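Hi everyone, thanks for coming. I'd like to walk you through one structure today, strand by strand and helix by helix. Here it is on the screen.

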Amino acid sequence: MGFFRTVLGDIPSEKMGICDSHEHIVIEESYPTLGNADFLLNDVEKICLELSELKALGCQTIVDTMPANAGRNILKSVEISKKTAINLIVPTGVHLEKYYPKSHWRYQYSAEQLTDLFVADIETGIDKFDYNGPIVERSEHKAGLIKLATGDELITKHQEKIFQAVVNTHLKTGVPILTHTNNGKHAIAQAELFEKMGANLNHLVISHVDKNKDLTYHHDLMQMGVSVEYDSAFRWKKDEENWTYTLLEQLLPLYPKQITVGMDAARNTYWKSYQGNPGLDYLLTTFVQGLKNRNLETYFTKIFIENPARIFCFEH
Ligand SMILES: [Zn+2]
C-alpha cells in the first residue's frame with residue numbers, strides 16, 4: 001500500500017484508521033455561503049469541539065470535500081488538524097456550477113490551465129487565498145484529493161472540460177478522485193467518462209448515491225468497479241424506509257470493497273457545536289448502532305478503514 005496526503009503531510013495508508021469519507025470541515029465566507037448562510041463553517045473553536053467528539057470515538061481521518069475557491073481556508077484546516085490530532089485530507093478541483101459566479105475562471109481557463117492549478121495544489125501547496133484573486137501565495141500544505149461535481153442534467157460540455165482537467169491531474173500526480181452527484185444521478189455516466197479518459201477506477205469514489213432507490217442502477221454501477229460513498233442515513237424521515245441501510249444490506253455482501261461512508265454534514269445546523277443536530281458524532285454512534293441492528297457490523301472495518309485506506313491512496 002502507498003500513502004494518503006493530509007494537510008500535514010503524507011502518511012502510510014495502513015495508518016489511516018477509522019475514516020469519515022465525506023465531510024465539510026471548513027467552509028469560509030465565500031460564494032456558496034452567500035446563498036446558503038448555514039453552509040458557514042469557519043469557527044475554529046467550534047469545529048475543534050465537534051471533531052474532538054469524533055476523535056474520542058476513534059475517528060482518525062476525515063476527508064474534507066470543499067474544492068478550490070468554494071470556501072477552503074488551508075491555514076484553518078492545518079490549525080484544526082494540529083489541535084484535534086485528526087488527519088485531514090483537503091481536495092482541489094471544483095464543485096457544482098451553482099457555487100461559482102457566472103464569470104468564474106472555471107469557465108475561462110482551458111483544461112490545461114485548470115490542470116496546472118490543480119497539480120500545483122497537490123504537489124506544491126494550496127493557495128492561502130484559495131484562488132480568490134490574481135495573487136497566489138502557496139502554503140506548504142498540499143491537497144490530497146481532487147473533486148468534481150455533476151448536477152441534474154446530463155454531463156455538459158463545460159463539465160467534460162472539468163473531467164479532462166481532473167483526469168489529467170490524476171494521471172500526473174496519482175491523486176485519488178471523489179465526485180459529487182445530485183441525489184446519485186448520472187453516477188454511471190461519470191464512471192463511463194472517467195473510464196474513457198483513462199482514469200484508474202480503483203481510486204474513484206462517487207458520492208451521495210445512497211439517495212437513489214433504483215437497485216438495478218446500483219448493481220450496474222458497482223459492476224463497473226468504482227467505489228461509492230453513502231452519507232444519507234441521518235436524512236431519511238422517521239416514517240420512511242431508510243434506503244441507506246437497505247442498500248448496505250443488499251450491496252455490502254456483494255461489493256464489500258467498494259463502499260465508504262460519511263455524513264456530508266455541510267450545514268452548521270447539523271453540528272452540535274453550532275447548536276444543531278444530529279452532530280458529526282452520529283456516524284460513529286447511531287449509524288454504527290444501525291449497522292449492528294442489521295447484522296452488518298462485520299463490515300465495519302471495510303467501510304470505515306480498509307476501503308478508504310485503499311481508495312484514497314496515491315497511485316504512482
Ligand atoms: Zn459534500
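Let's start with strand β4, residues 59-64: 5 of its 6 residues are buried, so β4 is largely enclosed by the rest of the structure. Before going further, please keep in mind that this is a predicted model.

So who are the partners of β4? Strand β3, residues 18-23, runs parallel to β4, and 4 bridges join the two. If you want a landmark for that pairing, look for E23, which stands opposite D64 in β4. There is also strand β5, residues 87-89, which pairs with β4 in the parallel sense over 3 bridges. The landmark here is I62 of β4, standing opposite L88 in β5. As a reminder, strands of a sheet pair through backbone hydrogen bonds, either parallel or antiparallel.

Now let's move along to a pair of helices. Two packed helices are described by the angle between their axes and the distance between the axes. What are those values for α2 and α3? Helix α2, residues 44-56, packs against helix α3, residues 74-84, at an angle of about 40 degrees, and the axes are 10 Å apart. That angle makes α2 oblique to α3. The crossing, as α2 passes α3, is right-handed.

For those of you who think in side chains, here is who takes part. From α2 the contact uses V44, I47, C48, L51, S52 and K55, and from α3 it uses K76, E79, I80, K83 and T84. Sorted by class, this contact of α2 with α3 has 5 nonpolar, 2 polar and 4 charged residues.

Next, the sheet further along the chain. Here 6 strands form an open sheet with parallel pairing, in the order β6-β7-β8-β9-β10-β11. Which strands stand at the edges? They are β6 (91-93) and β11 (259-261); each has a single partner strand, so one side of each is left without a neighbour in the sheet. From one strand to the next, the twist averages 30 degrees.

Let me zoom in on one pair in that sheet. Strand β7, residues 145-149, and strand β8, residues 177-180, run parallel and are joined by 4 bridges. There, L148 stands opposite T179 in β8. Helix α6, residues 157-173, packs on this sheet and touches β6, β7 and β8. The direction of α6 makes about 165 degrees with that of β7.

That's my tour, and I'm happy to rotate the view for anyone who'd like another look.

Technical notes:
Residues numbered from 1 in each chain as written. Predicted model: local features only at pLDDT ≥ 70, side-chain atom pairs only at ≥ 80, totals over all residues. Axes fitted to C-alpha atoms, helices over the stretch in contact; angles between N-to-C directions. Parallel < 35°, antiparallel > 145°, perpendicular 65-115°, else oblique. Left-handed = near helix turned anticlockwise from the far one by under 90°. Contact = placed C-beta atoms within 7 Å. Nonpolar A, V, L, I, M, F, W, Y, C, P; charged D, E, K, R; others polar. Pairing = 2+ DSSP bridges. Buried ≥ 20, exposed ≤ 12 C-beta atoms within 10 Å, placed from the backbone.
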